[in-house]
Amino acid sequence: MKIIVPMAGRGSRLRPHTLTIPKPLIPIAGKPIVHRLVEDIAGVLQQDIEEVAFIIHESFGKKVEQELIAIATKLGAKGTIYYQNEALGTGHAIMCAKDSLSGPAVIAYADTLIRADFDLDKDADSVIWVKQVDQPEAFGVVKLNEANEIVELVEKPKEFVSDLAVIGIYYFKDITVLKNELQIVLDNNIIHGGEYQINDGIKQMMAKGMKFVPGKVSEWMDCGNKDVTVDTNSRMLGFLHNDGEYLVDHDVKIENSTIIPPCYIGKDVILINATVGPNVSLGDGCHIQNSTIKNSLVQTHSHIKNANLDNAMIGNHASFDGDFTNISIGDYSVLE
């Protein structure tokens, strides 16, 4: 089994944080989004992972590439890096990794996290992961027949089609078939919204009678902007806490302070006259003094004092001292 992970650009909706770090490498509960995504998918599949292929922008740099390769290595898999330097769509991104597109594979976009527990339908040509949503008109959805097979993909339907939204994770029994269909899309310059889309390849597979079925997830967590990323961090902390994971490093220095779980607290963190939690992630080396923090995500080596933070997101090596509550400041920022 292979996992193909299109990561595209850094992302603009999560600025200022993505000015210095690609969005998929922002930590959720102490671990980068893409790391959690790949591990969660591997856990659902319950199969040996042969290769993890990452499609990135070349500007991410060698350090990021090394971190991505390490994710694959941890799973006992080969890690491969491909480049998509122009934002030409999901279909184009996948085809940038065409040398790895063979055999059974999962495609997963690296700005979402899931919780799922189901058996993969090995008789299907493809599984498209979906989540039941309250406002299907805001999403791409699947249309099912009486046999619970997917017969159509509909983007943001104005009239009700179904309430099962496509979340951006796909399984193909033989991804070579998708590769061949996407090559036709590229060769014939089939463009929607100015981009080459994976859906056009999938629709061609459906037209040839291939079997697509839904794979439902219990939780779908987005990391598209600051507010939903903070919320995703909170939800993930709750899941990990309920799973019995110990999330507070044993080296944390606590002076007249309280930790209210669930919280992730990394190495060499110092808490002085502080109340932290619930639903807070503090990366390695953070110093918190005379502060109350809840429902917030703080990355590494940041110093916070005299603060009352709620729904806040703070980058690496930042310094914050003040009365603001709901804030978003990036790496190396100073707000005093």
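These notebook entries record what I looked up in the predicted model above.

**Basis**

I worked from a predicted model, in which local features need pLDDT of at least 70 and side-chain atom pairs count only at pLDDT 80 or more, while totals for chains, interfaces and linings use all residues. Residues are numbered from 1 along each chain as its sequence is written, and side-chain values use heavy atoms, with hydrogens and water left out.

**Entry 1: helix H2**

I took helices and strands as DSSP runs numbered from the N terminus (helices: H or I, at least four residues; strands: E, at least two). Helix H2 covers residues 62–74, which is 13 residues. From its first C-alpha to its last I read 18 Å, close to the 18 Å expected at 1.5 Å a residue. The expected span is 1.5 Å times one less than the number of residues.

Which residues of H2 are buried? I listed Val64, Glu65, Leu68, Ile71 and Ala72. For burial I used relative accessible area: buried is under 20%, exposed is over 50%, and partly exposed lies in between (1.4 Å probe, protein chains only). The buried residues of H2 cover an arc of only 110° around the axis, so they sit on the same side of the helix. That arc is taken from the directions from the helix axis to the C-beta atoms. On the face turned away from the buried side I noted the exposed residues Lys62, Lys63, Gln66, Thr73 and Lys74. After H2 comes Gly76, with a positive phi near 75°.

**Entry 2: nonpolar cores**

I defined a nonpolar core as a set of buried Ala, Val, Leu, Ile, Met, Phe, Trp, Tyr and Cys residues joined through side-chain atoms within 4.5 Å. The largest core has 52 residues, and Val34, Phe54 and Leu68 have the most contacts inside it. Helix H1 (residues 33–45) gives the largest share of this core, eight residues.

I then looked up the neighbours of Phe54, with contact meaning heavy atoms within 4.5 Å. Leaving out residues up to four places away in sequence, Phe54 touches Val5, Met7, Val34, Val38, Leu68, Ile71, Thr80, Ile81 and Tyr82. Another core, of 31 residues, lies apart from the largest one; Tyr82, Ile128, Val142 and Ile202 are among its members.

**Entry 3: aromatic pairs**

How many aromatic pairs does the structure hold? I found three. Rings of Phe, Tyr and Trp (its six-membered ring) pair if their centres lie within 6.5 Å; planes under 30 degrees apart count as stacked, over 60 as edge-to-face and the rest as tilted. Tyr109 and Tyr170 form an edge-to-face pair, 6.3 Å centre to centre with 85° between the planes. This pair links distant parts of the chain, 61 residues apart: Tyr109 lies in the loop between strand S6 (105–108) and strand S7 (112–115), and Tyr170 in strand S11 (residues 164–172). Both Tyr109 and Tyr170 are buried.

The ring planes of Tyr170 and Phe172 are at 20° and their centres 6.4 Å apart, so I recorded this pair as stacked. Tyr170 has a relative accessible area of 5%, and Phe172 has 0%. Tyr109, Tyr170 and Phe172 form one aromatic cluster.

**Entry 4: helix H6**

Helix H6 (residues 226–242) has 17 residues; its end C-alpha atoms are 25 Å apart, which agrees with the 24 Å they should span. Among its buried residues I noted Val230, Met236, Leu237, Phe239 and Leu240. Gly244 follows H6 and has a positive phi, near 90°.

**Entry 5: salt bridges**

I counted a salt bridge where a side-chain nitrogen of Lys or Arg is within 4 Å of a carboxyl oxygen of Asp or Glu. The count comes to 10.

In H2, Lys63 and Glu67 meet at 2.7 Å, N to O. These two residues are four apart, about one turn of the helix. Lys63 is exposed at 59% relative accessibility, whereas Glu67 is partly exposed at 33%.

In H6, Asp231 and Arg235 form a salt bridge at 3.9 Å, N to O. They too lie four residues apart, about one turn of the helix. Asp231 is partly exposed at 39%, as is Arg235 at 28%. I also noted that salt bridges sharing partners join Lys31, Glu39 and Lys74 into one network.

Where does the salt bridge between Arg115 and Asp243 lie? Arg115 is in strand S7 and Asp243 in the loop between H6 and strand S14 (253–255), 128 residues apart. Their closest N and O atoms are 2.7 Å apart. Arg115 is partly exposed at 22%, and Asp243 is partly exposed at 48%.
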